[in-house]
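Work through the exercises below with the sequence and the 3D view open. Each task is followed by its solution in steps.

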Amino acid sequence: MGGVVAFVSSGPGDPELLTLKAVSRLQTADVVLYDDLSSGGILAHAREGANLICVGKRARLPSAKQDHVSRLLVDYAITGARVVRLKSGDAGIFGRLEEEIATLRAAGVPYEIVPGVTSACAAAAAAGLPLTRRYTARRVQFVTGSDVSGGVPADLNWVALADPQATTAVFMGKQNFHLFSAHLMEHGLPPTTPAILAQSVGHGSQKLLRSTVGKLAQELSREAPSSTAVILYGPLV
Ligand SMILES: C[S@@+](CC[C@H](N)C(=O)[O-])C[C@H]1O[C@@H](n2cnc3c(N)ncnc32)[C@H](O)[C@@H]1O
(Lines give C-alpha, C1' and ligand atoms only; values in the text may rest on other atoms or scores of the structure.)
Protein backbone atom coordinates (compact mmCIF):
# COMPACT_ATOMS: atom_id res chain seq x y z
CA MET A 1 0.00 0.00 0.00
CA GLY A 2 1.39 3.41 -0.96
CA GLY A 3 1.18 6.35 1.38
CA VAL A 4 -0.48 9.69 0.95
CA VAL A 5 0.58 13.30 1.35
CA ALA A 6 -1.61 15.96 2.98
CA PHE A 7 -0.60 19.57 2.34
CA VAL A 8 -1.80 21.10 5.57
CA SER A 9 -2.20 24.86 6.05
CA SER A 10 -0.93 25.83 9.48
CA GLY A 11 -2.33 29.38 9.58
CA PRO A 12 -0.14 32.32 10.61
CA GLY A 13 1.22 30.77 13.82
CA ASP A 14 -1.52 30.80 16.45
CA PRO A 15 -2.43 27.11 16.96
CA GLU A 16 -6.06 28.16 17.59
CA LEU A 17 -6.26 29.16 13.94
CA LEU A 18 -5.65 25.59 12.78
CA THR A 19 -8.71 23.94 11.23
CA LEU A 20 -10.13 20.75 12.74
CA LYS A 21 -9.05 18.93 9.59
CA ALA A 22 -5.48 20.22 9.96
CA VAL A 23 -5.36 18.94 13.55
CA SER A 24 -6.78 15.58 12.50
CA ARG A 25 -4.14 15.15 9.76
CA LEU A 26 -1.37 16.08 12.21
CA GLN A 27 -2.64 13.60 14.78
CA THR A 28 -2.50 10.70 12.33
CA ALA A 29 0.69 11.56 10.41
CA ASP A 30 3.75 9.30 10.49
CA VAL A 31 5.98 12.04 9.08
CA VAL A 32 5.59 15.83 9.26
CA LEU A 33 7.72 18.07 7.05
CA TYR A 34 7.36 21.63 8.29
CA ASP A 35 8.59 25.13 7.48
CA ASP A 36 10.01 27.28 10.25
CA LEU A 37 6.91 29.53 10.13
CA SER A 38 4.75 26.45 10.91
CA SER A 39 6.50 25.22 14.03
CA GLY A 40 5.87 26.04 17.71
CA GLY A 41 2.58 24.98 19.30
CA ILE A 42 1.25 23.75 15.97
CA LEU A 43 3.60 20.78 16.01
CA ALA A 44 2.31 19.83 19.46
CA HIS A 45 -0.67 18.30 17.62
CA ALA A 46 1.55 15.72 15.95
CA ARG A 47 1.31 12.30 17.56
CA GLU A 48 4.09 11.07 19.82
CA GLY A 49 6.65 9.18 17.79
CA ALA A 50 5.91 10.97 14.51
CA ASN A 51 9.01 11.89 12.54
CA LEU A 52 9.19 15.74 12.54
CA ILE A 53 11.48 17.17 9.86
CA CYS A 54 12.24 20.88 9.45
CA VAL A 55 12.59 21.87 5.81
CA GLY A 56 12.30 25.64 6.36
CA LYS A 57 13.59 28.06 3.81
CA ARG A 58 13.57 31.58 5.17
CA ALA A 59 14.48 34.22 2.62
CA ARG A 60 18.24 34.73 2.20
CA LEU A 61 19.18 32.07 4.75
CA PRO A 62 20.70 28.68 3.90
CA SER A 63 17.82 26.27 3.50
CA ALA A 64 16.62 22.96 2.18
CA LYS A 65 16.39 23.02 -1.61
CA GLN A 66 12.91 22.77 -3.11
CA ASP A 67 13.78 19.65 -5.16
CA HIS A 68 15.03 17.95 -2.03
CA VAL A 69 11.77 18.70 -0.18
CA SER A 70 9.67 17.39 -3.07
CA ARG A 71 11.82 14.25 -3.23
CA LEU A 72 11.44 13.64 0.51
CA LEU A 73 7.64 13.74 0.16
CA VAL A 74 7.77 11.00 -2.49
CA ASP A 75 10.40 8.94 -0.65
CA TYR A 76 8.35 8.84 2.56
CA ALA A 77 5.00 8.31 0.81
CA ILE A 78 6.20 5.29 -1.19
CA THR A 79 7.12 3.53 2.05
CA GLY A 80 3.39 3.68 2.89
CA ALA A 81 3.71 6.58 5.36
CA ARG A 82 1.00 9.15 5.99
CA VAL A 83 2.92 12.33 5.29
CA VAL A 84 1.91 15.84 6.31
CA ARG A 85 3.54 18.73 4.50
CA LEU A 86 2.85 21.66 6.82
CA LYS A 87 2.89 25.10 5.20
CA SER A 88 2.37 28.47 6.84
CA GLY A 89 -0.80 30.49 6.34
CA ASP A 90 -2.81 28.94 3.52
CA ALA A 91 -0.76 26.29 1.73
CA GLY A 92 -1.89 27.53 -1.69
CA ILE A 93 -0.59 31.09 -1.32
CA PHE A 94 3.05 31.82 -2.18
CA GLY A 95 4.12 28.44 -0.82
CA ARG A 96 5.53 26.73 -3.96
CA LEU A 97 2.80 24.15 -3.61
CA GLU A 98 2.61 23.60 -7.37
CA GLU A 99 6.18 22.29 -7.58
CA GLU A 100 5.61 19.77 -4.81
CA ILE A 101 2.33 18.64 -6.37
CA ALA A 102 4.04 18.17 -9.75
CA THR A 103 6.60 15.82 -8.20
CA LEU A 104 3.89 13.81 -6.44
CA ARG A 105 1.84 13.53 -9.63
CA ALA A 106 4.87 12.37 -11.60
CA ALA A 107 5.47 9.68 -8.98
CA GLY A 108 1.79 8.69 -8.79
CA VAL A 109 1.49 9.63 -5.11
CA PRO A 110 -2.04 10.71 -4.03
CA TYR A 111 -2.38 13.99 -2.16
CA GLU A 112 -4.94 16.32 -0.62
CA ILE A 113 -4.83 20.01 0.26
CA VAL A 114 -6.19 21.23 3.59
CA PRO A 115 -6.88 24.98 3.27
CA GLY A 116 -6.31 27.43 6.09
CA VAL A 117 -6.05 31.01 7.29
CA THR A 118 -3.63 33.09 5.26
CA SER A 119 -1.50 35.66 7.10
CA ALA A 120 -3.18 38.43 5.05
CA CYS A 121 -6.62 37.62 6.48
CA ALA A 122 -5.18 37.08 9.95
CA ALA A 123 -3.43 40.48 9.74
CA ALA A 124 -6.68 42.25 8.84
CA ALA A 125 -8.47 40.45 11.67
CA ALA A 126 -5.71 41.38 14.14
CA ALA A 127 -6.11 45.02 13.09
CA GLY A 128 -9.89 44.78 13.55
CA LEU A 129 -10.57 45.44 9.87
CA PRO A 130 -12.50 43.84 7.02
CA LEU A 131 -10.72 43.48 3.65
CA THR A 132 -13.67 44.60 1.53
CA ARG A 133 -16.33 47.31 1.68
CA ARG A 134 -19.35 47.84 -0.55
CA TYR A 135 -18.62 50.46 -3.28
CA THR A 136 -15.14 51.54 -2.13
CA ALA A 137 -13.12 48.35 -1.64
CA ARG A 138 -14.56 45.88 -4.10
CA ARG A 139 -11.36 43.99 -4.79
CA VAL A 140 -8.66 42.24 -2.72
CA GLN A 141 -5.32 41.34 -4.22
CA PHE A 142 -2.44 39.28 -2.84
CA VAL A 143 0.97 40.02 -4.33
CA THR A 144 4.55 39.02 -3.70
CA GLY A 145 6.96 41.90 -3.09
CA SER A 146 10.07 39.93 -4.00
CA ASP A 147 11.15 37.41 -6.61
CA VAL A 148 13.77 34.64 -6.46
CA SER A 149 16.60 37.17 -6.67
CA GLY A 150 15.18 39.12 -3.72
CA GLY A 151 14.25 42.13 -5.88
CA VAL A 152 10.82 43.57 -6.69
CA PRO A 153 9.34 41.35 -9.46
CA ALA A 154 9.74 43.14 -12.81
CA ASP A 155 6.39 42.01 -14.19
CA LEU A 156 3.98 43.28 -11.54
CA ASN A 157 0.79 44.99 -12.72
CA TRP A 158 1.39 48.42 -11.19
CA VAL A 159 -1.88 49.86 -12.50
CA ALA A 160 -3.83 47.20 -10.59
CA LEU A 161 -1.62 47.55 -7.52
CA ALA A 162 -2.15 51.33 -7.46
CA ASP A 163 -5.95 50.94 -7.64
CA PRO A 164 -7.24 53.11 -4.76
CA GLN A 165 -10.39 50.96 -4.53
CA ALA A 166 -8.60 47.69 -3.83
CA THR A 167 -7.20 46.28 -0.63
CA THR A 168 -3.73 44.87 -1.28
CA ALA A 169 -1.70 42.44 0.81
CA VAL A 170 2.02 42.38 0.05
CA PHE A 171 3.78 39.17 1.06
CA MET A 172 7.57 39.07 1.38
CA GLY A 173 7.60 42.79 0.68
CA LYS A 174 9.20 44.28 3.77
CA GLN A 175 12.79 44.53 2.47
CA ASN A 176 11.77 46.13 -0.81
CA PHE A 177 8.90 48.32 0.26
CA HIS A 178 10.85 51.53 -0.43
CA LEU A 179 11.00 50.51 -4.13
CA PHE A 180 7.54 48.98 -4.16
CA SER A 181 5.87 52.09 -2.71
CA ALA A 182 7.77 54.37 -5.11
CA HIS A 183 6.25 52.40 -8.03
CA LEU A 184 2.78 52.68 -6.49
CA MET A 185 3.03 56.43 -6.15
CA GLU A 186 4.45 56.79 -9.69
CA HIS A 187 1.32 54.99 -10.85
CA GLY A 188 -0.96 57.40 -9.04
CA LEU A 189 -1.66 55.86 -5.63
CA PRO A 190 -1.91 58.76 -3.15
CA PRO A 191 0.96 58.63 -0.60
CA THR A 192 -1.66 59.21 2.10
CA THR A 193 -3.25 55.79 1.40
CA PRO A 194 -3.39 54.00 4.76
CA ALA A 195 -1.00 51.06 5.24
CA ILE A 196 -0.31 48.56 8.01
CA LEU A 197 2.84 46.56 8.63
CA ALA A 198 1.67 43.39 10.39
CA GLN A 199 4.59 41.53 11.92
CA SER A 200 4.58 38.02 13.38
CA VAL A 201 0.79 37.81 13.21
CA GLY A 202 -0.60 35.15 15.52
CA HIS A 203 2.62 34.87 17.53
CA GLY A 204 3.35 36.28 20.99
CA SER A 205 5.54 38.94 19.35
CA GLN A 206 2.77 40.17 17.03
CA LYS A 207 3.16 43.87 16.22
CA LEU A 208 1.01 46.15 14.06
CA LEU A 209 2.39 49.42 12.75
CA ARG A 210 -0.21 51.78 11.26
CA SER A 211 1.14 54.23 8.70
CA THR A 212 0.67 55.36 5.10
CA VAL A 213 2.09 54.11 1.82
CA GLY A 214 4.19 57.29 1.60
CA LYS A 215 5.68 56.99 5.10
CA LEU A 216 5.92 53.27 5.73
CA ALA A 217 9.14 52.64 3.80
CA GLN A 218 11.02 55.08 6.04
CA GLU A 219 9.45 53.73 9.22
CA LEU A 220 10.36 50.18 8.19
CA SER A 221 14.05 50.95 8.56
CA ARG A 222 13.47 51.08 12.34
CA GLU A 223 11.86 47.61 12.48
CA ALA A 224 13.68 44.32 13.04
CA PRO A 225 14.66 43.14 9.54
CA SER A 226 14.24 39.46 10.40
CA SER A 227 10.62 39.55 11.60
CA THR A 228 8.04 38.05 9.23
CA ALA A 229 5.60 40.64 7.97
CA VAL A 230 2.75 41.21 5.59
CA ILE A 231 1.85 44.74 4.49
CA LEU A 232 -1.76 45.75 3.87
CA TYR A 233 -2.73 48.98 2.14
CA GLY A 234 -5.94 50.37 0.73
CA PRO A 235 -9.02 52.38 1.67
CA LEU A 236 -9.98 50.26 4.68
CA VAL A 237 -6.58 49.98 6.27
C1 LIG B 1 6.36 31.97 1.66
S2 LIG B 1 5.14 33.16 2.06
C3 LIG B 1 3.89 32.10 2.66
C4 LIG B 1 2.55 32.76 2.80
C5 LIG B 1 1.53 31.87 3.47
N6 LIG B 1 1.22 30.74 2.64
C7 LIG B 1 0.25 32.60 3.86
O8 LIG B 1 -0.82 32.28 3.33
O9 LIG B 1 0.33 33.48 4.74
C10 LIG B 1 5.84 33.87 3.52
C11 LIG B 1 5.33 35.27 3.72
O12 LIG B 1 4.02 35.23 4.27
C13 LIG B 1 3.85 36.28 5.20
N14 LIG B 1 3.62 35.68 6.52
C15 LIG B 1 3.54 34.37 6.82
N16 LIG B 1 3.27 34.19 8.12
C17 LIG B 1 3.17 35.42 8.66
C18 LIG B 1 2.89 35.91 9.97
N19 LIG B 1 2.66 35.09 10.98
N20 LIG B 1 2.85 37.25 10.17
C21 LIG B 1 3.07 38.10 9.15
N22 LIG B 1 3.34 37.70 7.89
C23 LIG B 1 3.39 36.38 7.65
C24 LIG B 1 5.13 37.10 5.13
O25 LIG B 1 4.96 38.09 4.13
C26 LIG B 1 6.13 36.06 4.72
O27 LIG B 1 7.28 36.66 4.13
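**Exercise 1. The ligand shell**

How many residues of the shell around the ligand are nonpolar, how many polar and how many charged?

Solution. The model used here is predicted. Start with the shell itself: 18 residues surround the ligand. Sorting these residues by type gives 10 nonpolar, seven polar and one charged. The closest residues are Ser88, Ile93, Thr118, Ser119 and Ala229.

**Exercise 2. Placing the ligand relative to the domains**

State where the ligand lies with respect to domain 1 and domain 2, and give the reason.

Solution. Take the bounds, which are 4-114 for domain 1 and 119-233 for domain 2. Next, check which of the two supplies residues to the shell: both do. The ligand therefore lies between the two domains.

**Exercise 3. Polar contacts and cover**

Find the backbone atoms that lie within 3.5 Å of a nitrogen or oxygen atom of the ligand, and state how much of the ligand the protein covers.

Solution. Begin with the nitrogen atoms of the ligand. A polar backbone atom of Asp90 is 2.9 Å from a ligand nitrogen. For Val201, a backbone N or O atom is also 2.9 Å from a nitrogen atom of the ligand. Then turn to oxygen: a ligand oxygen and a polar backbone atom of Ala229 are 2.7 Å apart. As for cover, the ligand on its own has 560 Å² of accessible area, and the protein covers 89% of this.

**Exercise 4. Strand S1 and its partners**

Is strand S1 largely enclosed or open, and which strands pair with it?

Solution. S1 spans residues 4-9, and five of its six residues are buried, so the strand is largely enclosed by the rest of the structure. Buried here means under 20% relative accessible area. One partner is strand S4 (residues 82-87), joined to S1 in the parallel sense over six bridges. In this pairing, Val5 stands opposite Val83. Another partner is strand S5 (residues 111-114), which runs parallel to S1 with four bridges. There, Ala6 faces Glu112.

**Exercise 5. His178**

Describe the setting of His178: its helix, its exposure and its side-chain contact.

Solution. First locate the residue: His178 is in helix H6, residues 177-186. Its relative accessible area is 46%, so His178 is classed as partly exposed. A polar atom of the His178 side chain lies 3.4 Å from the backbone oxygen of Gln175. Finally, compare with Gly89, 89 residues away along the chain: the two C-alpha atoms are 25 Å apart.

Note on methods: Residues are numbered from 1 along each chain as its sequence is written. This is a predicted model: local features need pLDDT of at least 70, side-chain atom pairs count only at pLDDT 80 or more; totals for chains, interfaces and linings use all residues. Side-chain values use heavy atoms; hydrogens and water are left out. A residue is near a molecule or strand if one of its heavy atoms lies within 4 Å of it. A polar contact is a pair of N or O atoms within 3.5 Å; within protein, one must be able to donate a hydrogen and the other to accept it, and residues adjacent in sequence count only if both atoms are side-chain atoms. Accessible areas come from the Shrake-Rupley method with a 1.4 Å probe; for residues, only the protein chains shown count as cover. Ala, Val, Leu, Ile, Met, Phe, Trp, Tyr, Cys and Pro count as nonpolar, Asp, Glu, Lys and Arg as charged, and the others, Gly among them, as polar. Domain bounds come from an automatic or database domain assignment. Buried means under 20% relative accessible area, exposed over 50%, partly exposed in between (1.4 Å probe, protein chains only). Helices (H or I, at least four residues) and strands (E, at least two) are DSSP runs, numbered from the N terminus. Two strands pair if DSSP finds at least two bridges between them.
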